[in-house]
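User: I would like the reasoning behind a few labels. Please set each value against its criterion.

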Number of protein chains: 2
Amino acid sequence: MPESPITPREKDFAAWYQDVVMQGDMAEPAEIVKGCMVIKANGYAVWEHIQRELDGRIKATGHSNIYLPVLIPQSFLQKEAEHVEGFSPELAVVTIAGGKELEEPYVIRPTSETIVGHFFKRWIQSYRDLPLLINQWANIIRWEMRTRMFLRTTEFLWQEGHTAHASHEEALEEVLRMLDVYADVCENILAVPVIKGLKTRAEKFAGAVATYAVEGMMQNGIALQCGTSHDLGQNFGRAFDVQFQSSEGKLDYVWQTSWGMTTRLIGALIMTHSDDKGLVLPPKVAPKKAVVVPIYRKDEERAQVLEAAAKMAEDLGAHVDTREGQSPGAKFFHWERRGVPVVFELGPRDVAAGKTVIKRRDTGTKEIIAQQEAREKFGATLEAMQAELLARARQRRKENTVLANSIEEVEEILKPVTAEKGGGKFVLAHIADNPSNDERVKSFKASIRVIPLEDNYDGPGKCILTGEPVARRAVIAKAY
Amino acid sequence: MPESPITPREKDFAAWYQDVVMQGDMAEPAEIVKGCMVIKANGYAVWEHIQRELDGRIKATGHSNIYLPVLIPQSFLQKEAEHVEGFSPELAVVTIAGGKELEEPYVIRPTSETIVGHFFKRWIQSYRDLPLLINQWANIIRWEMRTRMFLRTTEFLWQEGHTAHASHEEALEEVLRMLDVYADVCENILAVPVIKGLKTRAEKFAGAVATYAVEGMMQNGIALQCGTSHDLGQNFGRAFDVQFQSSEGKLDYVWQTSWGMTTRLIGALIMTHSDDKGLVLPPKVAPKKAVVVPIYRKDEERAQVLEAAAKMAEDLGAHVDTREGQSPGAKFFHWERRGVPVVFELGPRDVAAGKTVIKRRDTGTKEIIAQQEAREKFGATLEAMQAELLARARQRRKENTVLANSIEEVEEILKPVTAEKGGGKFVLAHIADNPSNDERVKSFKASIRVIPLEDNYDGPGKCILTGEPVARRAVIAKAY
């Protein structure tokens, strides 16, 4: 057997990830553009599946898609003090256009709150214009120092929702509604279990009053933020002078929210489910749910097997791998590395006996079944696989979640953890939302990931650093 | 009756277009970013319908979607001499990123042939890697001097297909296959009739061997290029050193194609079908196919009418306009301006009699029908409207197509034509593909739009400028 093109996880997790991404036809680095990637055919098809699921939910909750310019006047970013401070180091700036130096440079959008603020001012006069619920699918540039395909790239694709409301209460409802949508997509589509929670003040979005997030755990125990939903309060309303007349005739600034999910989700599902053989895709986002591999040696078997394979594939909505000059073994490896959930094998004896072999990607289990039951088995296998991927990820997270009751304990657990060596944990500890506490946790390169929205273990306690009472344990971890 | 917010076409075609776009919730100018627009909810929803139709056809012809970086090293553009000359004046250049001056600036993609060339070199070694058929959905920046919403904007959205082949013959087949796809989408989805043809050498894409296009005619007789498909020959293969080993073991440069359609299509359908009342959308791209407007005066009628309206809407997959504080008349205008193909009116007497009024957007015809036949009538109306919009546009084009047998005749017909005053024509004349001929036509601000692929009138003739024999008449017109 030829050596696997995929580095085992045990040996080097980062190399494994890169191999899975490349061998799975998901992406490859675009070295010529710093920190960018090319999203390849299989990767983009997964993104299209994620988009469809997410877009459907965004529309079902009343939002309309629109499209805003990719270029933003540089001065716009300066209107919100925290926002400009947070994003300035990451900007790509257009200074020349149409052969001339620009009087005012544009930045390529690192996020669109500022240009949204500008247009909200145009579009909103009265409470009758509220709530205003928009979303856009777009590309984003943030000049990142350290990049990793899908997880953090200079350019990425995302959706960004932006809404304006007449009251803080209504805005907060929106923030939490979209957080629920995000958790639903993570768990029920990507089979990635997440914890919904509040980010600490030190970790919130630059310009937000509060940031909520869904936080996942990768196979190596490292945390990955999978989506964020921001309560912007009236910060951008004030910065862009977006006022509305209330039903009582009073003028007030609008209450805004924004929320986004990105191509990072593809990294999340790869790091949650894939194995040393390559990509494993949850059936709901797998571009090809099944491939039929016809097996024949002699020319006289060929026509018969191909015909039966084509018929079966049509029945199942599957793809037949009819490539010539490729052995069945090479074909199995090919689809395995691309994460196809189910492969059917079909040889001359199977055809004669009305049988086929069904093989499931994640467990590697094989079963000889009657062709007549293929459709039923296929559906059941996809369903089982989708459910079990989530259950396994949940179980893994459970096994890698620990309690700690002092900062020394937290440090002892997390200090040795690296993304490469693995062994990461979610450490649950009582810790107050206070930038100096974040600072202490950062001293061993971990971070407070979220303060969960729902109580997770044992209710209130005293902060392990300041002794002040806190409502529940937060999740502390090393993160991507 | 309040004054219409839409300028009549007769008065000022350009103002009419702008009004239709704005009142139809399709787009609005984003003055703060030169030449850009915001695509608003109705406009973006139309774009999503166009995307779905086009994307399905692109996939059905064997292409895979991928995503390439938006930034391209500036030096890449210089590798193909004609390409850099054509695009240099239109580039937006990023010179600062991450707080530092860049050693080599990046340009925001004005099109992706150069970065595609770079990656094709990575991906293609042998004839086994061919054909390579990719497509991407992306945003584009071209610093245009004169812009008009949808038709020509600094930033626009498009799909760009890029393919590599082992022979010129195969590449040319691809070019024409995609031209057919484009014509199909224009005619059968947008109801915009087009002429498939070859661009003259003077009008071809910078870097192509030949450019084919689908050319439409707007209501004012002005031509609009609706999509292009380029035979790139080996130009980019040579510029980026993309060689493959043929099945005979010889090294050769790949033969490439590229083809694109943009958000300009939305402008095409607006300018083809809309009227002085506002937007008219072909049913196949209408985000809402029908709206039910409930009519009631007294409170006791309200519940009954709303219930019947909701039931009917559910049956038909239509939207019910339940907005309070808006008169039925205001609602009719609202949906009319947004181009909804069918509006059902439902009042208390209709409910009692089991009737409803069906109103068709393009013709304005109203008919009282039984609610039981609403579904059937609705389907038939959408079908008739889709077909008749195309037929009317065909008829209009026919009426505005004329023959000319001398350059003076062409000039006399086209010189007075402007987009604002209308009266544009397609002038069919025998004219050779020769840059000096294009130049002569440009002297009266017209252009040779296409040399049709199929004979249109009377076969071969002699060039009206040089006297040399040409195979068929070309289309000369004023154009957007």
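Analyst: What follows takes the labels one at a time, for a model that is predicted.

User: What makes the two copies related as by a two-fold rotation axis?

Analyst: The superposition does. A turn of 180° and a shift of 0.0 Å along the axis lay chain B on chain A, with an RMSD of 0.0 Å. The copies are thus related as by a two-fold axis. Among the residues of chain B, Val94(B) comes closest to that axis, its C-alpha at 2.1 Å.

User: How do you know that the copies meet through the same surface?

Analyst: Compare the interface residues. In chain B, 100% of them are also interface residues in chain A, so the surface is the same. The contact involves 36 residues of chain B and 36 residues of chain A. E5(B) gives the largest share of chain B's side, six residues. By class, that side has 25 nonpolar, seven polar and four charged residues.

User: Why are E5 of chain A and E5(B) called paired?

Analyst: Pairing needs at least two bridges, and five join these strands, so they pair. The two run antiparallel. Ala92(A) stands opposite Ala97(B).

User: Why are the buried residues of H13(A) said to line one face?

Analyst: They are Val410(A), Ile413(A) and Leu414(A). Seen down the helix axis, they fall within an arc of 85°, so one face holds them. An α-helix has 3.6 residues a turn, so residues three or four places apart point the same way.

User: What covers the buried residues of H13(A)?

Analyst: The cover includes strands E20 (401–403), E21 (426–429) and E25 (474–477) of chain A.

Terms used
Residues numbered from 1 in each chain as written. Chains lettered and ligands numbered in written order. Predicted model: local features only at pLDDT ≥ 70, side-chain atom pairs only at ≥ 80, totals over all residues. Contact = placed C-beta atoms within 7 Å. Helix = DSSP H or I, 4+ residues; strand = E, 2+ residues; numbered from the N terminus. Nonpolar A, V, L, I, M, F, W, Y, C, P; charged D, E, K, R; others polar. Buried ≥ 20, exposed ≤ 12 C-beta atoms within 10 Å, placed from the backbone. Arc of directions from axis to C-beta. Least-squares fit on C-alpha atoms with pLDDT ≥ 70 in both.
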